[in-house]
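Please walk through the model below, beginning with the place where its chains meet and then turning to a few local sites.

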Amino acid sequence: MRYTEKMIRHYYYNQTIVGPKWLNTPFLQTKNATTSGASAPITVSIINDPAPNINFKQQAFSAGNKPLYFNNHLDHIQLQTEDIFFDILDKNTIHIYPGAKPPETITHHFWQSALLAVLTLRGGISLHANAVRINHKVYLFIGDSGAGKSTFTSYLYQQGYQLISDDCSFLTLASDGQVLIHPGKQEIRLYQESCDLVGLPIQDAYRTVKKLDQIKYCFAIPSTTETSQLSGIILIKKGKKTALTTLKDIEKFQSILNSVFAFSQPNHVPNPTEQFKKLTHLIQATPAITLERSADQNTLEELKDLVISYSQKEIKK
Amino acid sequence: MSTTYHKKSSVVSTEIDNATVLYTVEKGSYFSINETGLAIWEALSNHPKKDDLLNYLAQKFNANITEIEPDITAYLTELLQQGLITETHEATT
């Protein structure tokens, strides 16, 4: 299959991406390009030749059910999944060897894996987390898969709060040490049960994806193009009751570290010492709480009240 | 036989609230250490030889070497097993 390259530019995590048009998805903002921003554009090229024969020595892990193989080096990353080979030559350049895979599959892995790898090379931190603006402050919601991050943050969105990112959040450190969060993809993905709980009709989904043989419904959402300061981290976990407690010491470290995509997989971080220093700063500089929720999903309003009240107390401090 | 311990350069330590965490960049694993563990970890930088280390810690904690030696040895063995330090042996003359 040959792919044509109609070059357009996309904005995602406040990065300019120059690549084939079909890499776009309906919810992404597309604008005329400008290189006046702080970051150089990320240029994506499709290489129709056979992929280089790379021996992936490092351990494989699953990315949305599909094995993903990594070779990390200090300045470039190679990764392969479903016979698609991403050669990330440097922090500005991605070569995709698509094999026989269709654009939808390539696009999926590009946004899920290749782009995050570039952002890591660019010195940022990508986390498995959602972010919401509450009382003019941005909070990051972390937690295990299935803990209820997307359900709760979608509920907040439905209540009028601005969703900054869903599933994956991208942070950088400013020169003065402030932790900055960049807007993520403008999409929410939910299982039907969660759609029903938060009041998003599944017929409004613009597409569906399969995860572990279950269907997730994807909704396009308005978001922001602004980079914001991160005000706090909220760990959501299932418990026996609804409660809010301070998250500190080793549990804070462990919870945040486990949420960072690169650090959840040993040996998959280029320049890990430098990344670790940044991560340590993030953990030390950002207050964190644990939001325990009972198995009963009908406590979303109660959880919302707890978080709003926490945010108001933080403002008064 | 004299034993010298070397902290691995791939291990970084950091303080989070009241805890100290040692993180191994190679393995991506981390360990929380208490105040005494931190004191030993820090002492290893200037007192890498086991005899010196024991002398220094005995003075610091106002204890007999024979009293602290088993605990320090057990801790150093743990650090070795977790890949946080390496050891070299030299014949004493």
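In this predicted model, chain B and chain A bury about 1,400 Å² between them, and carbon and sulfur atoms give 67% of that area. On the side of chain B, the residues that lose the most area to chain A are B:Ile16, B:Tyr23 and B:Tyr30, which together make up 38% of what that side buries. Counted by residues, the contact takes 15 from chain B and 18 from chain A.

The polar part of this interface can be stated briefly. The rule finds 0 salt bridges across the interface of chain B and chain A. It does find 3 residue pairs in polar contact there, with both residues at pLDDT 80 or more. Three elements of chain B each give two or more residues to the side that touches chain A: strand 2 (11-16), strand 3 (19-24) and strand 4 (29-33). Strand 2 of chain B gives the most, with 4 residues. Sorted by class, the side of chain B that touches chain A has 7 nonpolar, 4 polar and 4 charged residues.

The next stop is a helix in chain A. Helix 2 of chain A spans residues 149-158, and 8 of its 10 residues are buried, so the helix is largely enclosed by the rest of the structure. The buried residues run through A:Lys149, A:Ser150, A:Thr151, A:Phe152, A:Thr153, A:Ser154, A:Tyr155 and A:Leu156. Just after this helix, A:Gly160 takes a positive phi of about 105°.

Two single residues of chain A remain, one in a strand and one in a loop. A:Ser126 belongs to strand 10 (residues 125-128) of chain A. Its relative accessibility is 4%, and because buried means under 20%, A:Ser126 counts as buried. Beyond its neighbours within four places in sequence, A:Ser126 is in contact with A:Leu116, A:Leu119, A:Thr120, A:Ser169, A:Phe170, A:Ser259, A:Val260 and A:Phe261.

Is A:Ala40 buried or partly exposed? This residue lies in the loop between strand 3 (29-30) and strand 4 (42-46) of chain A. With a relative accessible area of 36%, A:Ala40 is partly exposed. Again leaving aside neighbours within four places in sequence, A:Ala40 is in contact with A:Thr16, A:Asn92 and A:Arg122. A:Ala40 and A:Ile94 are 54 residues apart in sequence, while their C-alpha atoms are 13 Å apart in space.

Notes:
Residues numbered from 1 in each chain as written. Chains lettered and ligands numbered in written order. Predicted model: local features only at pLDDT ≥ 70, side-chain atom pairs only at ≥ 80, totals over all residues. Heavy atoms only, no water. Contact = heavy atoms within 4.5 Å. Buried area = accessible area lost by both parts, 1.4 Å probe. Salt bridge = Lys/Arg side-chain N within 4 Å of Asp/Glu carboxyl O. Polar contact = N/O pair within 3.5 Å; in protein donor to acceptor, adjacent residues only side chain to side chain. Nonpolar A, V, L, I, M, F, W, Y, C, P; charged D, E, K, R; others polar. Buried < 20%, exposed > 50% of the residue type's maximum accessible area, 1.4 Å probe, protein only.
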